[in-house]
Structure formats: structure tokens, C-alpha cells
Amino acid sequence: MNIFDFDGTLYRGDSSFDFWKYCLKTHPRVSRRIPKTLVAAIGYLMSSISLEQFKGRFYRYFTDIDDIDKAVESFWDTHASRLRQDVLAHASKGDLVVSASPEFLLLPICDKLELKLIASEVDKHTGELLGPNCKGREKVKRIKMAGYPDAYQKAFSDSLSDAPIERLAEKGYLVTKTGIESFPFEKV
């Protein structure tokens with residue numbers, strides 16, 4: 001079994017941010033939240049609010065979308081082309097994706113790819129985080145809580161912050177914009 005990060009790894013870019021941009025175009029009411037989103041982003045960048053607090057404020061735009069499930073489906077109809085075929089070539093049915101993005105956003109594409117998913121639990125109607133952001137060491141905690149194995153053949157991520165999941169694998173890989181290379185554990 002292999003383990004994958006999603007954003008920047010299986011998907012070119014950040015699916016949460018791309019979904020927001022998509023919703024700005026398809027659900028104009030979302031734009032009314034831009035000023036508060038910018039204030040929250042500045043607060044996060046200046047370390048006056050946590051990442052979880054930022055995401056909780058950012059995801060409030062979900063309340064402006066009448067049918068969030070339909071929006072997610074339409075998003076993947078237009079954005080599945082952003083999946084990285086070079087990384088997907090290493091995936092097999094039943095491999096595990098662990099991501100900080102909202103679970104409800106990634107579940108349809110992971111189901112289509114026949115990949116298992118652990119992701120941040122977010123209320124799709126209110127934008128409220130229902131648990132810790134699934135990032136860094138939290139990914140390993142969530143893997144263990146879900147009863148998945150403690151060891152994997154390969155791990156793939158685009159971020160050094162994913163060293164905790166990389167250490168679960170026999171072989172770790174760093175996904176860059178141009179390819180896949182051995183994970184640089186010495187830099188962590």
C-alpha cells in the first residue's frame with residue numbers, strides 16, 4: 001500500500017483554493033466574503049490567528065452555495081485534468097490519500113480513482129472545521145485513528161512538512177513541479 005498527499009502531489013495546485021476561485025465564478029454571492037477572507041489571510045500570515053482559525057473563516061463561503069454537492073461535482077468535471085498522471089502512475093486501487101483539504105471536496109475524485117481518503121473534516125454547509133486540520137503530524141494521528149497500517153511501501157508529497165507520513169514508508173518521494181525525487185529527509 002502507498003500513501004499520497006493530495007494538493008501539490010496528486011493535484012497540480014491547491015484544490016481548496018481552486019474550488020474557491022471556481023465558486024467565485026459560478027456562485028457570485030461568494031464574492032461578498034472576499035474582504036473578510038483577506039483580513040483572515042493577513043491575520044494568519046502575521047501569526048495573529050492559527051491555520052485552523054483562518055480555514056474556519058475562509059470556508060464560510062460554503063454558506064453562499066445552494067447545492068454544495070453539485071458544485072463539487074461540477075468542479076471536478078472541470079478540474080480533474082489537473083491531476084498529475086506521473087504521480088497517479090504510482091497509485092493502485094486502495095492506496096491512501098491523506099490531505100489537509102476538506103474531505104467532502106476530495107471524496108468524489110478519490111472515489112473515482114478508487115483511493116481511500118483521510119482529510120480535514122469540514123461541515124460543507126457552514127464551513128466549520130469539525131476537528132484538527134489534517135496536516136503534518138496530525139496526518140499520522142488520523143491514519144492510526146482510522147486503523148490503517150503503520151507501514152507503507154512508498155509515500156509521495158510535495159512538502160517537507162509531510163516528513164511524518166514519509167517516515168511511515170519504506171521509500172519516500174518528494175513531488176516537484178518537474179518530477180519525482182527521493183524525499184530529502186536530511187533537510188527536515
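## Exercises: strands, cores and a helix pair

Strand β1 (residues 3-4) runs parallel to β4, and 2 bridges pair them; in this pairing, F4 has F156 of β4 as its bridge partner. Strands here are DSSP E runs of at least two residues and helices are H or I runs of at least four, numbered from the N terminus, and two strands pair if DSSP finds at least two bridges between them.

Before you start: this is a predicted model, in which local features need pLDDT of at least 70, side-chain atom pairs count only at pLDDT 80 or more, and totals for chains, interfaces and linings use all residues. Residues are numbered from 1 along each chain as its sequence is written, and side-chain values use heavy atoms, leaving out hydrogens and water.

**Exercise 1.** Find the strands that pair with β5, and give the sense of each pairing.

*Solution.*
- Step 1: Start at β4 (residues 152-157), which is parallel to β5 and joined to it by 5 bridges.
- Step 2: Pick out partners: Y152 bridges to A169 in β5, and K154 lies opposite K171.
- Step 3: Move on to β6 (residues 180-182), which is antiparallel to β5 over 3 bridges. Here Y173 faces S182.
- Step 4: Trace the link from β5 to β6, a hairpin of 4 residues.
- Step 5: Check burial of β5 (residues 169-175): 5 of its 7 residues are buried, meaning under 20% relative accessible area with a 1.4 Å probe, protein chains only (exposed is over 50%, partly exposed in between).

**Exercise 2.** Work out which elements build the largest nonpolar core.

*Solution.*
- Step 1: Apply the definition: a core is a set of buried Ala, Val, Leu, Ile, Met, Phe, Trp, Tyr and Cys residues joined through side-chain atoms within 4.5 Å.
- Step 2: Count its members: the largest core holds 40 residues, and F6, L10, F19, Y61, F62, W76 and V97 have the most contacts inside it.
- Step 3: List the elements giving two or more residues: α1, α3, α4, α5, α6, β3 and β5.
- Step 4: Look for a separate core; a second one has 12 residues, including Y152 and A169.

**Exercise 3.** Describe how α1 packs on α4.

*Solution.*
- Step 1: Read the geometry: the angle is about 105° and the axes are 11 Å apart, with axes fitted to C-alpha atoms over the stretch in contact and angles running from 0 to 180 degrees between N-to-C directions.
- Step 2: Classify it: α1 is therefore roughly perpendicular to α4, a label for angles of 65 to 115 degrees (under 35 is roughly parallel, over 145 roughly antiparallel, the rest oblique).
- Step 3: Name residues: S15, D18, F19 and Y22 of α1 meet α4 residues including I68, F75 and W76, where contact means heavy atoms within 4.5 Å.
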